[in-house]
Amino acid sequence: MAITKCRICGNRFFNDPLLRYHHMPKAAQFLPDAKDLGSDKGVDLEVCQCSGCGLVQLSNDPVPYFKEVIRAAAFSPEMRIFRIEQFKNFVGRFSLEGKKILEIGCGKGEYLSLMRESGTDAYGVEYGEESVMDCVGAGLKVTRKFVDANSSALPDAPFDAFFVLNFLEHIPDLNSTLRGIYQNLSDQAVGLVEVPNFDMILKRKMFSEFIGDHLYYFTRETLTSTLSRNGFEVMECRPAWHDYILSAVIRKRTPLDLYEFTQIQLKLSRELRKFIDKYGEKKVAVWGAGHQALTILSLADLGGKIKYVIDSAPFKQGKFTPATHIPIVPPETLKTEPVQAVIVMAASYSDEVAKIIREKLGDVIQIAILRDYGLEYLK
């Protein structure tokens, strides 16, 4: 059944297909025998584009054997040399010698065997039963499996690296497959992902490249966005193999480490409280009721310690700071209700504010400006 929404991001296709192809081969790997000619019928293909992420894809159902990797011929001598050099560089670049590396959709082990020869502890998953038997017979560590869900658990996981070569474009629920791969990787794991290069197809106007087996037609932009959407940082993505392939080197995305944020916040909080204690509670004011100042007031627990917060915006005056409940007042309050010190928290306007205070009040008041590194005391 034809779909109307992007398989990756869920946005709708543009109203009209980019192309309509009639009476097309139903699949690249279906070659009818003489007895099948009477029943073999061509199919119609619609080439559509997502109005959201821009990915070009077929609206048709996948071919029946989309879970299997079928390489019609063993690699040529030139391709073999290319892969050996490519795998050697990949393994060396990320120090993968002896590490566990997984091929998703390994077919009969054509590339998996070369990855093993590159010095890795190579594993594979493949859905085609006969292909798996061939791999096992050749001494390769291959499991019959298709990764189709976040919860897909693979034997021998986690893996330090993975590679997928000309297989992603076949998979209808690609998000689930990529998320399933992600769940079976160690932190900082890397990957090598390759798909047919649609940028080249567009450039050369290669109209014959569309076939029911390939649901997706990735440009550098749409391959990068698809991988990024599913938990991977794209380190590089460039053409390879006479421009026919888009080759992406990726890394599993892990959470940012914001430990230093907390340490800086605690240091600043101590510095602020020490400054305020020097003058006593309700003897110090803060200038600035922007979001940064409001956050710092809360995190430093300065409610009840600051006499008031000054802000030039009339709509803030007469209100109170959220959470800390400090009154917000206009600048002239510094004269009518004087304090001994002002902490300026006005971000990029801080120097301007400090100058205004000094011009109006002279040296009778201590001014401190909140900088990225802490408090700067003005003489």
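Which residue in β14 does Ile-310 stand opposite? In this predicted model, the residue facing Ile-310 is Val-329 of β14. That little pairing is a good way into the structure, so let's start with the sheet around it and work outwards.

## The six-stranded sheet

Ile-310 sits opposite Val-329 where two strands meet: β13, residues 309-310, runs parallel to β14, and two bridges link them. Both strands belong to an open sheet of six, and if you walk across it you meet β14, β13, β12, β15, β16 and β17 in that order. The pairing in this sheet is mixed. At its edges you'll find β14 (328-329) and β17 (374-378), each with a pairing partner on one side only.

Two helices are worth finding next. Helix α10 (residues 350-361) packs on the sheet and touches β12, β15, β16 and β17. Its direction makes about 175° with that of β16. Helix α7 (residues 259-279) lies across β12 (284-287), β15 (341-344), β16 (366-371) and β17, and it runs at about 35° to β17.

How far apart are the end C-alpha atoms of α7? They are 32 Å apart. With 21 residues at 1.5 Å a residue, α7 should span 30 Å, so the two values agree.

Now look at which parts of α7 are hidden. Its buried residues are Leu-268, Ser-269, Glu-271, Leu-272, Phe-275, Ile-276 and Tyr-279. Here's a handy rule to keep in mind while you look: an α-helix has 3.6 residues a turn, so residues three or four places apart point the same way. What covers the buried residues of α7 includes the strands β12, β15, β16 and β17, along with helix α8 (291-299). Just after α7 comes Gly-280, which takes a positive phi of about 100°.

## The four-stranded sheet

There's also an open sheet of four strands, in the order β1-β2-β3-β9, and its pairing is antiparallel. Its edge strands are β1 (19-24) and β9 (216-217), so named because each pairs on one side only. Strand β1 runs antiparallel to β2 (residues 43-49), and four bridges join them. One bridge partner to look for is Val-43 in β2, which goes with Met-24.

In the loop between β1 and β2 you'll spot Phe-30. Is Phe-30 buried or partly exposed? With 33% relative accessibility, Phe-30 counts as partly exposed. Setting aside neighbours within four places in sequence, Phe-30 is in contact with Asp-40 and Tyr-65. The C-alpha atoms of Phe-30 and Val-63 are 9.6 Å apart, with their positions 33 residues apart along the chain.

## Helix α4, mostly tucked away

Helix α4 covers residues 174-183, and Asn-175 is part of it. Eight of the ten residues of α4 are buried, so the helix is largely enclosed by the rest of the structure. The buried ones are Leu-174, Asn-175, Ser-176, Thr-177, Leu-178, Gly-180, Ile-181 and Tyr-182.

Take Asn-175 as an example: its relative accessibility is 16%, which counts as buried. Beyond its neighbours within four places in sequence, Asn-175 is in contact with Arg-7, Ile-8, Arg-229 and Asn-230.

## Rings and charges

The whole structure holds 15 aromatic pairs. One of them is Phe-162 with Phe-232, a tilted pair with 5.7 Å from centre to centre and 50° between the planes. Why does this pair tie together parts that are 70 residues apart in sequence? Phe-162 lies in strand β7 (residues 159-165) while Phe-232 lies in strand β10 (residues 232-240), so the pair links those two parts. Both Phe-162 and Phe-232 are buried.

Elsewhere, Tyr-21, Phe-198, Phe-210 and Tyr-217 form one aromatic cluster. In two places, listed here, the charged end of a lysine sits over a tyrosine ring.

| Charged residue | Ring | Distance from ring centre |
|---|---|---|
| Lys-67 | Tyr-127 | 5.0 Å |
| Lys-252 | Tyr-182 | 4.6 Å |

Tyr-182 is also one of the buried residues of α4.

## One more stop in β10

Strand β10 also holds Glu-236. Not counting residues up to four places away in sequence, Glu-236 touches Arg-93, Ser-247, Ala-248 and Val-249. Its C-alpha atom is separated from that of Leu-192 by 9.9 Å, although Glu-236 and Leu-192 are 44 residues apart along the chain.

Conventions: Residues are numbered from 1 along each chain as its sequence is written. This is a predicted model: local features need pLDDT of at least 70, side-chain atom pairs count only at pLDDT 80 or more; totals for chains, interfaces and linings use all residues. Side-chain values use heavy atoms; hydrogens and water are left out. Rings of Phe, Tyr and Trp (its six-membered ring) pair if their centres lie within 6.5 Å; planes under 30 degrees apart count as stacked, over 60 as edge-to-face and the rest as tilted. Buried means under 20% relative accessible area, exposed over 50%, partly exposed in between (1.4 Å probe, protein chains only). A charge sits over a ring if NZ of Lys or CZ of Arg is within 6 Å of the ring centre and within 35 degrees of the ring normal. Contact means heavy atoms within 4.5 Å. Axes are lines fitted to C-alpha atoms, for helices over the stretch in contact, and angles run from 0 to 180 degrees between N-to-C directions. The expected span of a helix is 1.5 Å times one less than its number of residues.
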